[in-house]
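Welcome! Take a moment to turn the model around on your screen, and then let us walk through a few of its parts together.

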Amino acid sequence: EDIALSSVSRNATQRPLDKTTMALSSLLNDKSLARFRTKPCERLVAKGHCSFGDRCQYSHASLPRRNPKKYIYSSELCGFSKCHQGDLCQFAHTQEEQLYHPEFYKTKFCEMSTNCREYYCPYAHTSQEKKNKAELLTPGAVPKNADAPRNAGAEEAGPPPPVPVAAPEGGWFVGDQKDLLVSSKGEVVKNFYGLGHSITGGYVRRAQILESGGSTFCVARLLSTSRGDATVANQVIKDIRRWIAHCHSSVQMIRRTVATTVVALPADLRCLDVVVKGLGSSSAGLQYHWGTTSLLAKWFQQITSDVANLHSTLRISHLSLGPCSVFLDPGTNEMQMGDFLGKVQFQRNARSGFSTKDDEWAMWYPAEVQKRIAQEGNLVPGSSKKREDAEIMDEYAVDAWQLGVLAFFLLTGEHPFGASNQPTVVCGNITTHRVAHWNQLEDFPL
């Protein structure tokens, strides 16, 4: 992971930079240079942005750099815009493959000299940094040959060496199994993204499950998890796997890396927010349509049954029920409870004493959570000890409260405590028990 390390000292001869020092030194050694930006940035994939920017040691490009110790290629750029040899090509395919190749890196002086602000600049800024290019070629490296064609065929170069399976451009293999390929591009799958998405856990992207007989299209929900979240994330993953094994589950696969947890879901599901918007659900129209009201009641009964089974059979709380974590299966026309990957975020906030200021997340939680947030957490300031007046959170009660919000949303398309685009107001109404939209149910056939 890219982790800011305040204790890493820097050589006094290096150019002045921002005070934040990254896990990899700005001057890359041979080992660091080999793996530098050879994997997609999981933060960018899971969140849509990376706060480290050009200081990130992982790739933000659609095509990550090939590790020059695993793939034999030179620093000379390939002459074809779309090379048919792919990873077996003996020439660099991107600017990063050229500039950070061992035979090029730090062999020329930077034009900006000591005024350069690029953290991982591939050029030398002092004579101590500059390397002798003649000394850089290692056994197995491909030297340039001015007389050779710029893209020689594999037959002329001899049989290619065995290379690892690489993800196609714009894709990312989750974990070592290489059976889940997630798009690393910026699109978000609309059927899974909308109101209440802040509690579900990260972006949803297009993906494929790879099997011996072919591939199946799906979507992947991604949650960025730090090393500090490992204990919580591992327990939630264990609970999700128990749920998959014992209950009717929409989850097709779950994978975890050091920095990201990924849940694969069928591509044809639609989240409750999308379904309700499609129905045009509102009290003004539904009060005259008993058939639609009956269908909504059936769907709510299905959701309630799923939550009850989770509680009574597995003794597991969900803690992230919302319009984006409940799904309709168009094939069966049945509503089903989605995964509870967002539970990691709840546990993360609980561990910090509910000191979060994220109202878009908090608006989906009851007054007990709002109270602790208003008190700036249930921990004694400056310690990990709980306040004496802090009560134990009833997680099943949190699920029950969220079910009530879902019932109201099914019938009205609104959050019961206020306008969904005013989360701070909604949180205040929850704290004071003011159901701002209660009048929308006055004439309902209930």
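Two residues are said to touch, or to be in contact, when they have heavy atoms within 4.5 Å of each other. Keep in mind as we go that this is a predicted model.

With that meaning of touch in hand, let us start at S420. You will find S420 in the loop between helix 11 and helix 12 (423-431). Leaving aside residues up to four places away in sequence, S420 touches L195 and M363. The pairing with M363 is a nice one to look up: S420 and M363 are 57 residues apart in sequence, and their C-alpha atoms are 8.5 Å apart in space. Is S420 buried or exposed? The answer lies in between, because a relative accessibility of 28% makes S420 partly exposed.

Next, move to helix 5, which spans residues 272-279. Here L272, D273, V275 and V276 are buried. These four residues lie on the same side of helix 5, because they cover an arc of only 165 degrees around the axis. The general geometry of helices is helpful here: an α-helix has 3.6 residues a turn, so residues three or four places apart point the same way. On the face of helix 5 turned away from the buried side, you will meet the exposed residues K277 and G278. And what covers the buried residues of helix 5? The cover includes strand 7 (270-271), strand 8 (326-329) and strand 9 (334-337), along with helix 7 (290-314) and helix 11 (395-412).

Now for some strands. Strand 3 (residues 204-211) and strand 4 (residues 214-224) run antiparallel and are joined by eight bridges. Together they form a hairpin, with two residues between them. To see one of the bridges, find R205 and look across to its partner in strand 4, A220. Strand 4 also pairs with strand 6 (residues 260-266), again in the antiparallel sense, over seven bridges. There, L222 has V262 of strand 6 as its bridge partner.

Finally, let us look at the cysteines. How many disulfides are there, if the two sulfur atoms must lie within 2.5 Å? The count comes to zero. Take C56: the nearest cysteine sulfur belongs to C41 and is 3.8 Å away, and C56 is in no disulfide. With a relative accessible area of 1%, C56 is buried. Another cysteine, C427, also counts as buried, because its relative accessibility is 6%.

Definitions and conventions:
Residues are numbered from 1 along each chain as its sequence is written. This is a predicted model: local features need pLDDT of at least 70, side-chain atom pairs count only at pLDDT 80 or more; totals for chains, interfaces and linings use all residues. Side-chain values use heavy atoms; hydrogens and water are left out. Buried means under 20% relative accessible area, exposed over 50%, partly exposed in between (1.4 Å probe, protein chains only). The arc is that of the directions from the helix axis to the C-beta atoms. Two strands pair if DSSP finds at least two bridges between them. A disulfide is a pair of cysteine sulfur atoms within 2.5 Å.
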